[in-house]
Amino acid sequence: NTLSMIRQMKDQFKDLLTSIGFIKKHKKGDEKREEETKRVFFEERRIDESDGNPYTKESFLEVYGGLEEWNASRLGNPLERRIDPADGKAYTKEEFIECYGGTKEWERAGMKNESRAAKLRKAKLALQISNPSESHNLNENKDNLRLLRAVLVAGLYPNVVRVQLPEAKAQEKDSGSIRKSPADSKDMAKFFARTGPVEVHPASVLWGETDYRYPFLIYHEKVKTSKVYLRDATMITPYSLLLFGGNILVEHTEGSVTVDNWIKFKVPPAHAVLVHKLRTEINNLLHRKITDPTYDALLCDKSNKVIQAVSKLMKSET
């Protein structure tokens, strides 16, 4: 094949250079080192079924801590291959050394490969998804629109607007949300960003809306023409802001929780402590996931409980 022909041509060229003195002949010690190198190159490797790649016995021991997986695996290609960025093809370590005269490029190519642990985590996740019951669990919040609002807050905060209902509307708010005709501008809700008053753009589906169960909106884009307009916005819940908004300050004596020294909620002291504790656990979980993207929170009992608590809390909002 092509590869064997290239090797023959290299050998012939090497012999030619040796015969005319451009390459020194091997010494006795060099032959022993070459034999040891070949022994390492051709060390037995077996296929790890978790990712389909060949590894040495030492690698199996390092990952699994025993030989059970090694003994159960099948024989694989004895030569590890890595991608050479120069041409995008895979070569053995011997071929890297022969081409570049050292192992620097080989090691650099290895750094671009995914770590073994990452591959194992991916394989575990793939097995979970392939299990119908596990797949259902991963998609259990597909209809949880309140949780979706929380996701929007986490991604778009601090793009928050307060909704000020008309006076009559605010008085009737305690008995439930009541829809009114937006014909009279006095019945229109007013909107205030942290920087000042804004308005919903006439092209928005919220234009003329008076049925606001919660007096907060999260928006994606704010533009200024004749006025400052919100092009796209969505109503969000207090829990969304408390758990995924800015920094929170708990005032036990006042019985309140303030988000970013701006949005204040009346919260009983006992509940405020629970909110603060849950917020801390969420931050810790997110920090770990950002630090280690391969971390699977669903496989960790503590992290999974935090996720379930947030999900149930969002569903409980009326």
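1. Start at the pair K224 and V228: V228 sits in strand β9, and K224 stands opposite V228 there. The two strands involved are β8 (residues 216-224) and β9, which pair in the antiparallel sense over 7 bridges. Between β8 and β9 there are 3 residues, and the two strands form a hairpin. Keep in mind that this is a predicted model.

2. While you're on β9, have a look at D232. This residue lies in β9, which covers residues 228-235. Buried or exposed, or somewhere in between? D232 counts as partly exposed, because its relative accessibility is 33% and that class covers values between 20% and 50%. Leaving out residues up to four places away in sequence, D232 touches I218, Y219, H220 and E221. For H220 there is also a distance to quote: its C-alpha atom is 5.9 Å from that of D232, with the two residues 12 apart along the chain.

3. β9 has another partner, too. Strand β7 (residues 196-200) is joined to β9 by 2 bridges, and here the strands run parallel. If you want a residue to click on, take V200, whose bridge partner in β9 is L230.

4. Now put the strands together. How many strands close into the barrel, and in what order? There are 5, in the order β5-β6-β7-β9-β8, and the pairing is mixed. From one strand to the next, the twist averages 50°. A helix packs on this sheet as well: α9 (residues 145-156) touches β8 and β9, and its direction makes about 45° with that of β8.

5. Elsewhere in the barrel, strand β5 (residues 160-164) pairs with strand β6 (residues 190-193) in the antiparallel sense, over 3 bridges. R162 is a handy landmark for this pairing, with F192 as its bridge partner in β6.

6. Moving along the chain, you come to an open sheet of 3 strands, ordered β10-β11-β12 with antiparallel pairing. Its edge strands are β10 (248-251) and β12 (263-266), each of which pairs on one side only. On average, neighbouring strands of this sheet are turned by 20° against each other, direction ignored. Helix α12 (residues 269-291) packs on the sheet and touches β10 and β11, with a direction about 155° from that of β10.

7. Within that open sheet, strand β11 (residues 256-259) runs antiparallel to β12, and 4 bridges join the two. One facing pair is S256 and K266, the latter in β12. T258 also lies in β11. Why does T258 count as buried? Its relative accessible area is 9%, and the cut-off for buried is under 20%. Not counting residues up to four places away in sequence, T258 touches N247, I248, L249, I263 and K264.

8. Last, the helix pair. α12 and helix α13 (residues 301-316) pack at an angle of about 125°, their axes 10 Å apart. That angle makes α12 oblique to α13. The crossing of these two helices is left-handed. On the α12 side the contact is made by L278, E281, I282 and L285, and on the α13 side by K302, S303, V306, I307, A309, V310 and L313. Sorted by class, the contact of α12 with α13 has 8 nonpolar, 1 polar and 2 charged residues.

Methods
Residues numbered from 1 in each chain as written. Predicted model: local features only at pLDDT ≥ 70, side-chain atom pairs only at ≥ 80, totals over all residues. Heavy atoms only, no water. Pairing = 2+ DSSP bridges. Axes fitted to C-alpha atoms, helices over the stretch in contact; angles between N-to-C directions. Contact = heavy atoms within 4.5 Å. Buried < 20%, exposed > 50% of the residue type's maximum accessible area, 1.4 Å probe, protein only. Parallel < 35°, antiparallel > 145°, perpendicular 65-115°, else oblique. Left-handed = near helix turned anticlockwise from the far one by under 90°. Nonpolar A, V, L, I, M, F, W, Y, C, P; charged D, E, K, R; others polar.
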